[in-house]
Amino acid sequence: MSGERDKARDSDEATRESGDGIRGAAPGTAPVPLSVLDLVTVGAGRTASDAVRTAVGIARTAERRGFHRYWVAEHHSMPGVASSSPAVLLAHLAAHTERIRLGSGGVMLPNHAPLVIAEQFGTLEAMAPGRIDLGLGRAPGTDGATAAALRRTERLHEGAEDFPQQLAELTRFLDDSFPDGHPYARIHAVPGPVQATSPGGVQSRHRPPLWLLGSSGFSARLAGSLGLPFAFAHHFSAANTLPALDLYRASFRPSGVLSEPYALIGVAALAAEEEQEARRQVMTGALSMVRLRTGRPGLVPSPEEAEAYGFSDMERDFVDTWLGNVVHGTPDAVRQGLDDLARRTGADELMITANAHGGPARLRSYELIADAYGM
């Protein structure tokens, strides 16, 4: 048995060595590669430790069932989301997985010095060679007051406005490519490529591929112009999905990273054996979003709390709109919904996020979706 595991590991490593670390293969009967976005949600009556244990379970399930990658997203000051430190979480998940790609969906670049991100993800690359992704966003990942507390500058909007420059600086640190005469030419992100060019260096020059994330047109255009892969947040900005993907493809210029566009979209999806149970579970996420949008973020409510909640007419309208973009129901219904979304958008990859109170329901959803596709 150990010999079979070694062969599988060698095959996976060979695939990573020969590939670009971006494109995946569609598993089973899925139309495109399927991946996982995990917000590491904390439900009422649960702890952050419970949420992290669930994250490990989801990552290992995703790996076992053939999902292409698993990402976590940076959020702040949200009691129901325990993913404020993606690099720390990814290090923990790397220790509990062997093959699946792990990454950020994303790290919010304006919140951090580019050198720090390069060092963090260089360290992750050293921990899990060839399977780390660095997805970057330009939003703060929180409200304005918290964004001000996170900033390295007193000017709140400076980070977002300077995103292209910050991105260029980060790329230089990742590639160890500042030109002679630049103030940072003698500064190196370690672990990183400088160790390959130092006397006696044997380190690979490989570094995590960069992705740009977005929910509007700015990052779509920038990703296209730089020839980078693009991830769009369809799960909370569905009205902008098609325009952003069109803009990305129209703006795309081939690069040393990609010869043609590669776009994934985040999709909220939850499957259960019975349609009624799926609806019951996604209503916990719906109530959580209502509270977030009205300035009352908290732990993800239980199904019982969501059932007992008295929605106002305005809140009910919001929930109806929000649920219209959540693919949920029986495994067959979810499969059909995902197939239709892939067909309508032409997305190269679907990244599924399961919004629900409890870990067991979320884990079961990924198992059922994998079953539906014969993964």
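**Exercise 1.** Determine which residues Thr241 is in contact with, leaving aside its neighbours within four places in sequence.

*Solution.* In this predicted model, local features need pLDDT of at least 70, side-chain atom pairs count only at pLDDT 80 or more, and totals for chains, interfaces and linings use all residues. Residues are numbered from 1 along each chain as its sequence is written, and side-chain values use heavy atoms, with hydrogens and water left out. Taking contact to mean heavy atoms within 4.5 Å, and leaving aside neighbours within four places in sequence, one finds Phe232, His234, Ile265 and Thr345 around Thr241. Thr241 lies in helix α10 (residues 241–251), where helices are DSSP runs of H or I with at least four residues, strands are runs of E with at least two, and both are numbered from the N terminus. With a relative accessible area of 2%, Thr241 is buried (under 20% relative accessible area, against over 50% for exposed and in between for partly exposed, with a 1.4 Å probe and protein chains only).

**Exercise 2.** Compare the expected span of α2 with the distance between its end C-alpha atoms.

*Solution.* The expected span is 1.5 Å times one less than the number of residues. For the 18 residues of α2 this gives 26 Å, which agrees with the 25 Å between its end C-alpha atoms. Just after α2, Gly66 takes a positive phi of about 95°.

**Exercise 3.** Identify what covers the buried residues of α2.

*Solution.* The buried residues of α2 include Ala51, Thr54, Glu63 and Arg65. Their cover includes β1 (34–38), β2 (69–72), α3 and α15 (359–372).
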